[in-house]
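User: I'm new to reading protein models and would like a close look at one part. Could you walk me through the surroundings of the ligand and the parts of the chain that connect to them?

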Amino acid sequence: MDKNTLEKYKIDIFNVKDDKKFHPIEAQHDNSHLKRVDVFTADQCKRIEDTLDKMDSLWINRSCTPRFAYENSTKSIRAPFWTLGAVSYLDAVEDYARYHKLKTVMNPVLKKKFGWMYDIICEKFEEEFGCPVVIDDVLAHPGFHIFSAKKGQIISEGHVRLFETALGSIHVDIQYKEHWEYWQTYNHADLDNQMTWTIPVKLPKHGGGLYTWDVEVDPAVFNYNTNENKKPDVSPTANKYYEGQMTYFFRHLLHQMMPGVKVSPDDRRLTIQGHGIKCDGVWRLYF
Ligand SMILES: O=C(O)CCC(=O)C(=O)O
Ligand SMILES: [Fe+2]
């Protein structure tokens, strides 16, 4: 897709209706593979955001962490992009022992501060799937992606512009592969139906969302290239996010975080991020 088409696309999605609270039914751009479940109220989202801010000394800046080998040769800029919790695609990929070390420190903290939040997420999934859903204790608990300055600070002009570019990689989620040996400890881990879910608790004023493409790619090789080299020929679907509403999907759905639109220095994109594998009849959630 050329830049003008992309611009038009963004304008179609965001500028027609600036009110990010308009009902999702009206947003006709939705990938049929992406499911939606309302999970948190506005008050609960605020409580999660406040707790996250109180824990900001534990946020890890990830803007310079390479995910793929080719990124070692690309220029990274230190930007206000952070995570809370141990992350399979950042920590485990780099050093499996580091993932488990960080998880061992962070899981009890996350459980203490966000136990109530995990309970609600598991309950909602249980209603959805009709089987038990638990937060896995061996892997890292679901954590956060944080695109924001710390509370009381603002994003610099340069970083505002950066957040308006297609920062996220076009990829399929293959985090579960890092934990291959762990899944083998179950009689049956359904590795053909892995799940990814995201719950935004705070979105920029002009919204946020996920691009998805209905194209099949080879998960063994696709991710390991620059966005330019792997951009599909077909246009993506722009799936808008709503605060408190979870989106989830199964398997290797090709996706990319949507770039910010008319980002302001006080904008925040805060999302709870997790994945799931069904093992012996129980969905196990992790990050
Ligand atoms: O933040 C998002 O919208 C998507 C994040 C994502 O693709 C991932 O964590 O794998
Ligand atoms: Fe992803």
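Analyst: Here's a walk that starts at the ligand and then moves outward.

One thing to keep in mind: this is a predicted model. For orientation, the chain has seven helices and twelve strands, and of its 287 residues, 36% count as buried. If you take the contacts in the chain with a separation of 6 or more, 82% of them come from residues 24 or more positions apart.

Now to ligand 1. Which residues surround ligand 1? They are H145, D173, T198, L210, H255, M257, T271 and Q273. Sorted by class, that shell has five polar residues, two nonpolar ones and one charged one. Two strands, β10 (254–257) and β11 (269–279), each supply at least two residues of the shell.

Let's follow β10 first. This strand belongs to an open sheet of three strands, in the order β8-β7-β10, with antiparallel pairing. In general, strands of a sheet pair through backbone hydrogen bonds, either parallel or antiparallel. Why is one side of β8 and of β10 left without a neighbour in the sheet? Both β8 (237–240) and β10 stand at the edges with a single partner strand each, so there's no neighbour in the sheet on one side of either strand. Neighbouring strands here are turned by 30° against each other on average, if you ignore direction.

Look at β7 (residues 209–213) next: four bridges join it to β8, and the two run antiparallel. If you'd like one pair to find on screen, try G209, whose bridge partner in β8 is K240. And L210, listed in the ligand shell, falls within the stretch of β7.

Back to the shell residue T271. It's also a contact of V201. Leaving aside neighbours within four places in sequence, V201 is in contact with F40, C45, I48, E49, E243, L270, T271 and I272. V201 takes us into the largest nonpolar core, which has 41 residues. Within that core, A86, A140, F144, I146, I199 and V201 touch the most other members. Helix α4 (residues 96–129) gives the most to this core, with eight residues. There's also a second, separate core of eight residues, with Y211, Y241, Y242 and M258 among them. As background, nonpolar side chains tend to be buried together in soluble globular proteins.

Now for two loops next to the strands that line the ligand. Just before β10, R251 sits in the loop between β9 (245–250) and β10. It isn't a glycine, yet R251 has a positive phi of about 60°. Is R251 buried or partly exposed? It counts as partly exposed, because it has 13 C-beta neighbours inside 10 Å. After β11, you'll find D280 in the loop between β11 and β12 (282–286). D280 also has a positive phi, of about 45°, although it is not a glycine. With 12 other C-beta atoms within 10 Å, D280 is exposed, because 12 or fewer is the cut-off for that label.

One last stop is Y182, in helix α6 (residues 180–183). Y182 is partly exposed, with 17 other C-beta atoms within 10 Å. Apart from neighbours within four places in sequence, Y182 is in contact with V138 and L139. Y182 and L139 are 43 residues apart in sequence, yet their C-alpha atoms are 8.8 Å apart in space.

Key. Residues are numbered from 1 along each chain as its sequence is written. Chains are lettered from A and ligands numbered from 1 in the order in which they are written. This is a predicted model: local features need pLDDT of at least 70, side-chain atom pairs count only at pLDDT 80 or more; totals for chains, interfaces and linings use all residues. A residue is near a molecule or strand if its C-beta atom, placed from the backbone, lies within 6 Å of it. Ala, Val, Leu, Ile, Met, Phe, Trp, Tyr, Cys and Pro count as nonpolar, Asp, Glu, Lys and Arg as charged, and the others, Gly among them, as polar. A nonpolar core is a set of buried Ala, Val, Leu, Ile, Met, Phe, Trp, Tyr and Cys residues joined through C-beta atoms within 7 Å. A residue is buried if 20 or more other C-beta atoms lie within 10 Å of its own, exposed if 12 or fewer, and partly exposed in between; C-beta atoms are placed from the backbone. Two residues are in contact if their C-beta atoms, placed from the backbone, lie within 7 Å. Two strands pair if DSSP finds at least two bridges between them. Axes are lines fitted to C-alpha atoms, for helices over the stretch in contact, and angles run from 0 to 180 degrees between N-to-C directions.
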